[in-house]
Amino acid sequence: MSLVDDVREAVLAIPAGSVASYGDVGRRIGAGPRQVGRAMSLLDESVPWWRVVHADGTPASCHGGAAPELLSDEATPMRGRRVDMPRARYRWTA
């Protein structure tokens, strides 16, 4: 599998209402956060890109700034403009 495929699989596993940071995804698949960001830019719209956020909980600013609204629609825990990472962070099993 390619890096893009690995990122796609990891992101698809994040349930609605939860998020992971670029670094979280990278640790899951053995890549750096910048590599994850680059791979994310190559994914199609069927992948819930808004569930991957910066380490401090700041949503992605791509896609016309739609991430905050999409996160809100999924009832993702927020603290102001940022995701409440202790409450919303997804942890893969196995």
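In this predicted model, Asp56 is placed in the loop that runs between strand E2 and helix H4 (62–65). With a relative accessibility of 39%, Asp56 counts as partly exposed. Its C-alpha atom and that of Arg82 are separated by 7.4 Å, although the two residues are 26 residues apart along the chain. When neighbours within four places in sequence are set aside, the contacts of Asp56 are with Arg82, Val83 and Met85.

Val83, one of these contacts of Asp56, also belongs to the largest nonpolar core, which comprises 25 residues and in which Val7, Val19, Val25, Val36, Met40, Val52 and Val83 touch the most other members. Two or more residues are contributed to this core by each of helix H1 (3–12), helix H2 (22–29), helix H3 (33–40), strand E2 (52–53), helix H5 (67–73) and helix H6 (85–88). For Val25, the contacts beyond four places in sequence are Ala10, Ala20, Val36, Val52 and Trp92.

Within helix H2, the buried residues include Tyr22, Gly23, Asp24, Val25 and Gly26. The buried residues of H2 pack against H1, strand E1 (20–21), H3, E2 and H6. Gly30, which follows H2, has a positive phi, near 80°.

The packing of H2 against two of these helices can be described in further detail. The axes of H1 and H2 come within 10 Å and cross at roughly 115°, an angle that makes H1 roughly perpendicular to H2. The crossing in which H1 passes H2 is right-handed, and the contact is made by Leu3, Asp6, Val7 and Ala10 on the side of H1 and by Val25, Arg28 and Ile29 on the side of H2. Between H2 and H3, the axes are 8 Å apart and the packing angle is about 100°; these two helices are therefore roughly perpendicular to each other. Here the contact is formed by Tyr22, Gly23, Val25, Gly26 and Ile29 of H2 together with Pro33, Val36, Gly37 and Met40 of H3. Val25 and Ile29 thus appear in the contact of H2 with H1 and again in the contact of H2 with H3.

Two aromatic pairs are present in the structure. In one of them, Trp49 and Trp50 are arranged edge-to-face, with 5.7 Å from centre to centre and 90° between the planes, and both Trp49 and Trp50 are buried. The ring centres of Tyr90 and Trp92 lie 5.3 Å apart with the planes at 80°, so this pair is likewise edge-to-face. Tyr90, at 22% relative accessibility, counts as partly exposed, whereas Trp92 is buried, its relative accessible area being 18%. Trp92 is also one of the residues in contact with Val25.

As regards the backbone, most residues other than glycine have a negative phi. His63, which is not a glycine, nevertheless has a positive phi of about 55°; this residue lies in helix H4 and is partly exposed, with a relative accessible area of 39%. A positive phi, near 60°, is likewise found at Ala75, also a residue other than glycine. Ala75 is located in the loop between H5 and strand E3 (78–79), and its relative accessible area of 61% places it among the exposed residues.

Methods. Residues numbered from 1 in each chain as written. Predicted model: local features only at pLDDT ≥ 70, side-chain atom pairs only at ≥ 80, totals over all residues. Heavy atoms only, no water. Core = buried A, V, L, I, M, F, W, Y, C linked by side-chain atoms within 4.5 Å. Buried < 20%, exposed > 50% of the residue type's maximum accessible area, 1.4 Å probe, protein only. Helix = DSSP H or I, 4+ residues; strand = E, 2+ residues; numbered from the N terminus. Contact = heavy atoms within 4.5 Å. Phe/Tyr/Trp six-rings, centres within 6.5 Å; stacked < 30°, edge-to-face > 60°. Axes fitted to C-alpha atoms, helices over the stretch in contact; angles between N-to-C directions. Parallel < 35°, antiparallel > 145°, perpendicular 65-115°, else oblique. Left-handed = near helix turned anticlockwise from the far one by under 90°.
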